[in-house]
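Visitor: Got a minute to walk me through this one? Please load it and start with the overall layout.

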Amino acid sequence: MKKTKCAIIGSGNIGTDLMYKLLRSNTLEPTIMVGIDHNSKGLALAVENGLTPVYEGIEGFKKIHDEAEIVFEATSASAHLINSKILKELGKKAIDLTPAAVGPFVIPAINLNDNKIAELDNVNMVTCAGQATVPIVKAISDIVNVKYAEVVSSVSSKSAGPGTRQNIDEFTQTTSQALRELGGAKESKTIIVLNPADPPILMRNTIFVEIEKSSEDIYQNIKKSVDNMITKLQEYVPGYRYKSEPVFKENIITVQIEVEGMGDFLPIYSGNLDIITSAAVRTAELIAETLVKEVQS
């Protein structure tokens with residue numbers, strides 16, 4: 001299959017980790033990395049791996065936009081609010097890894113098979129915490145109504161670059177929104193912790209869910225549903241797993257998840273990078289398959 005050319009806007013931790021995953025893809029070819037810092041480590045690594053570097057941001061990309069059909073946004077929510085309009089004018093498929101939420105939420109384990117996904121010009125990958133926790137809430141809400149979902153996501157401070165730190169407010173808002181829209185919770189809350197522990201910890205997520213009713217049968221069905229969801233996630237995030245299995249206490253369920261990264265750019269503690277970049281690649285591969293079929297037809 002002919003590979004679909006891709007550009008990455010953002011040369012920080014997320015953009016650089018994403019580049020390595022795209023280089024392994026059988027259907028996607030990273031051709032451009034866009035940044036604004038001539039001393040960026042990400043841009044230097046992009047050059048080493050054969051990508052064309054752009055140092056003038058989105059304005060520089062506009063000059064060579066024909067070299068990419070799919071564009072990954074890995075900058076900040078505020079930047080994507082501007083860039084999304086430009087990318088739409090250029091006719092690009094945008095995959096947003098910021099919490100801007102311009103396009104609809106996509107979490108591969110939940111809704112990637114929605115036929116409309118490939119037709120959209122902009123999709124949002126929620127947040128790393130959203131990718132890790134919303135599927136668990138969804139698995140529970142598939143069995144019983146969820147009155148409230150609260151997640152506490154703890155990531156190593158060493159894995160959180162400037163863009164992530166600037167987006168903390170948007171991060172919590174977007175994750176909470178996805179817990180309702182895709183997870184099925186009636187109410188939700190998100191807490192993010194940048195943990196300075198040394199040695200760095202793996203990404204850990206604690207999910208508290210209040211359900212409307214409970215019974216032993218409901219508990220058993222929830223456990224099966226959550227197990228199945230974890231299996232789906234492991235298809236594209238191998239390091240995704242239980243930290244501790246579900247704990248049931250009347251109408252309250254607690255699930256703990258940890259994510260170990262592949263170590264593509266930062267060490268394995270950066271599972272928060274892994275889960276959102278892996279989800280983005282999975283989504284782009286589906287879109288690329290559709291683009292190739294349209295050309296062939």
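Guide: The C-alpha centres of domain 1 and domain 2 are 25 Å apart. Keep in mind that this is a predicted model.

Visitor: Which residues make up domain 1 and domain 2?

Guide: Domain 1 takes 4–125 plus 275–296. Domain 2 runs over 128–268.

Visitor: And how many residues does each domain put into the contact?

Guide: Domain 1 gives 28 residues and domain 2 gives 34 residues.

Visitor: What area is buried between domain 1 and domain 2?

Guide: About 2,400 Å². Carbon and sulfur atoms give 67% of that area.

Visitor: OK, polar side of things. How many residue pairs are in polar contact between the domains?

Guide: Eight pairs, with both residues at pLDDT 80 or more.

Visitor: Which elements of domain 1 touch domain 2?

Guide: Four elements give two or more residues each: helix 1 (13–24), helix 2 (41–48), helix 5 (108–111) and helix 10 (271–296). Helix 1 gives the most, with seven residues.

Visitor: What's the residue mix on that side of domain 1?

Guide: On the side of domain 1 that touches domain 2, 16 residues are nonpolar, seven are polar and five are charged.

Visitor: How many salt bridges cross the interface?

Guide: Three, by the rule used. Elsewhere in the listing, Glu-235 pairs with Arg-282 in a salt bridge, with the closest N and O atoms 3.4 Å apart.

Visitor: And how many salt bridges in the whole structure?

Guide: The search finds 17. One more to look at is Asp-198 with Lys-158, at 3.9 Å from N to O.

Visitor: Why does that pair tie together separate parts of the chain?

Guide: Asp-198 is in the loop between strand 8 (185–195) and strand 9 (203–211), while Lys-158 is in the loop between strand 7 (146–156) and helix 7 (162–166), so the salt bridge links parts 40 residues apart in sequence.

Visitor: Staying at Asp-198, is the peptide bond to Pro-199 cis or trans?

Guide: The bond from Asp-198 to Pro-199 is cis, with omega near 10°. Pro-199 also sits in the loop between strand 8 and strand 9.

Visitor: New topic, backbone torsions. Which residue has a positive phi although it is not a glycine?

Guide: Ala-101, with phi of about 55°. Ala-101 is in the loop between strand 5 (93–96) and helix 5.

Visitor: Last one. What does the UniProt annotation say about residues 5–118?

Guide: The unreviewed UniProt entry annotates them as "domain: Semialdehyde dehydrogenase NAD-binding". In the model, the end C-alpha atoms of residues 5–118 lie 16 Å apart. The span is 39% helix and 20% strand.

Terms used:
Residues are numbered from 1 along each chain as its sequence is written. This is a predicted model: local features need pLDDT of at least 70, side-chain atom pairs count only at pLDDT 80 or more; totals for chains, interfaces and linings use all residues. Side-chain values use heavy atoms; hydrogens and water are left out. Domain bounds come from an automatic or database domain assignment. Contact means heavy atoms within 4.5 Å. Buried area is the accessible area (1.4 Å probe) that two parts lose on being put together, summed over both. A salt bridge is a side-chain nitrogen of Lys or Arg within 4 Å of a carboxyl oxygen of Asp or Glu. A polar contact is a pair of N or O atoms within 3.5 Å; within protein, one must be able to donate a hydrogen and the other to accept it, and residues adjacent in sequence count only if both atoms are side-chain atoms. Ala, Val, Leu, Ile, Met, Phe, Trp, Tyr, Cys and Pro count as nonpolar, Asp, Glu, Lys and Arg as charged, and the others, Gly among them, as polar. UniProt positions are given in the numbering used here, feature names are shortened, and annotations may be inferred rather than shown by experiment.
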